[in-house]
Amino acid sequence: MNFEPRADVSAGELHAASQAQPNIALVKYWGKRDVALNLPVVGSISITLDSLWTRTEVRFVPGQKQDQVSLNGRSDEAESRRVTACLDLLRQRAGVDYGAKVTSQNNFPTAAGLASSASGFAALVHAGAHALGLALSRVEQSVLARRCSGSAARSIFGGYVEWAHGKLADGTDSVARPLLDADAWPLRVAVAITSKAAKQVGSTEGMRRTARTSPYQSAWVDTQEADLDVARNAILARDFDALAAISEHSCLKMHALAMAAQPGLLYWKGATVECMHRVRVLRQQGVPVFFTVDAGPQLKAVCVPSAIEQVKAVLCDAPGVLDVLDAGLGAGARAMPVGELAT
Ligand code: PMV
C-alpha cells in the first residue's frame, strides 16, 4: 500500500508528523543473526496497541548540518545518535543531506520494557519518509524501521503482526506483515507497571550476551518455528485458550533462555512474578486472560474485553504494582496533523 506524498511536500515544505503505537510480542523475538542490519535469528508474532502512543514530528531544514532531537522535551545523546542513523537511511533514499528537527512524545514510560523504541522508530520512519515525499510501501517502511529497532518493524502495522526472520543476507526477506486486523479479534491488554526506571541491560546487549553464553540458545532457535505455527493458527481461528498457552510458553522460554546467560539476565521484579500468579489464578477461575513480559519488569495481561475491569482490579491490588494501564488493539503507523507537539 503506497501513500500519497503530502501536498506541502511538493510546495517545498519537508515537514510531516506521524503516530505509532508499541507492540507486544506474543511469540518473542530474542537474538540477532546480523547485528548491523538488525536481522532476527527467529520470527515473532505481536499485537499492536491503541492507547499508548509515540507522536513524532520531523522537519528537514535545507542548509542545516546536524539533527536536533527532542524526546519528551529533553535531548539525550545516545538517543539522538540512533535517530540520526535512522534518518540517514531515509536521506540516502531521498538523495538529500539536510539536517532535521525531530520532536517526539510518548504518553507512557520510555525504555522500561514497554516497547517505546518500537513505536518511536515506527513513527520516525513514517514521518521522515512522509516529510521527504518518499512513496514507500508499508513493507518498505517496515524494513527501514527494522534497521533502526528490530521490533519497530511490527509497529508499522496494526492488529496481529508476524515478522519473518528471513534467510537472505541483505535482510530483504525479513519483513513484518499483518496477520489479522485489530477489529477482527479485539482483545484488551492491561499493563501492570512495576518499575518506572529504564532497564539496566538493553535488548541488543541482552541478546548478544544470551547468544554467546546461554546453553539454551540452540533449543530456543530450534523450537521457534513450531511456536509460530501454533500462535498463527490460534490467531486465525480466534482460539483464545490456544493463544494463551503458546504466549505464556514463549514468554517463559525467552526469559529462561536469558536467565541462563552469564551473567544471567533477570528482567522481573517480585511484583512481576506476583502478577503472573494472579493471572493464572484468574484463568483457573474461568477468566480468559494470559500474561506476557518483555525485556523489562512490566507485566502485560491479555484478555477478552468483558474481563478487562476484573483483570485490572486484580493487578492493581498486587503488592509492588505502581499503576495499571489499559489498551485495546490498534492501527499501524499513520500521519497526523503537523504542529501539535510541544517542543
Ligand atoms: O526490538 P528490540 O531491540 O526492542 O527487542 C525486543 C525484544 C522483546 O521485546 C523482548 C521481544 C519482542 O519480540 O518484542
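Me: A residue is near a molecule if one of its heavy atoms lies within 4 Å of that molecule. Which residues around the ligand come nearest?

Reply: The model is predicted. The ligand has 14 residues around it. Those that come nearest to the ligand are Ala 25, Tyr 29, Ser 151, Arg 154 and Ser 203.

Me: Which side chain has an N or O atom 2.8 Å from an oxygen atom of the ligand?

Reply: Tyr 29 is set aside here, since its N or O atom at 2.9 Å from a ligand oxygen belongs to the backbone. For Asp 294 the atom is in the side chain, but the distance to a ligand oxygen is 3.4 Å. The side chain with an N or O atom 2.8 Å from a ligand oxygen is that of Ser 151.

Me: How much of the area that the ligand exposes when taken alone does the protein bury?

Reply: Taken alone, the ligand exposes 380 Å². Of that area, the protein buries 91%.

Me: From which domains does the shell around the ligand draw at least three residues each?

Reply: By class, this shell holds 6 nonpolar, 5 polar and 3 charged residues. At least three residues come from each of domain 1 (14–185) and domain 2 (188–328).

Me: Which strands are the edge strands of the open sheet with the order β12-β13-β11-β14?

Reply: The 4 strands of this sheet pair in antiparallel fashion. An edge strand pairs on one side only, and this holds for β12 (289–292) and β14 (323–328).

Me: Which residue in β13 is the bridge partner of Val 191?

Reply: Strand β11 (residues 188–193) runs antiparallel to β13 (residues 299–303), and 5 bridges join them. Within β13, the bridge partner of Val 191 is Lys 300.

Note on methods:
Residues numbered from 1 in each chain as written. Predicted model: local features only at pLDDT ≥ 70, side-chain atom pairs only at ≥ 80, totals over all residues. Heavy atoms only, no water. Polar contact = N/O pair within 3.5 Å; in protein donor to acceptor, adjacent residues only side chain to side chain. Areas by Shrake-Rupley, 256 points an atom, 1.4 Å probe, with all protein chains shown as cover. Nonpolar A, V, L, I, M, F, W, Y, C, P; charged D, E, K, R; others polar. Domains from an automatic or database assignment. Pairing = 2+ DSSP bridges. Helix = DSSP H or I, 4+ residues; strand = E, 2+ residues; numbered from the N terminus.
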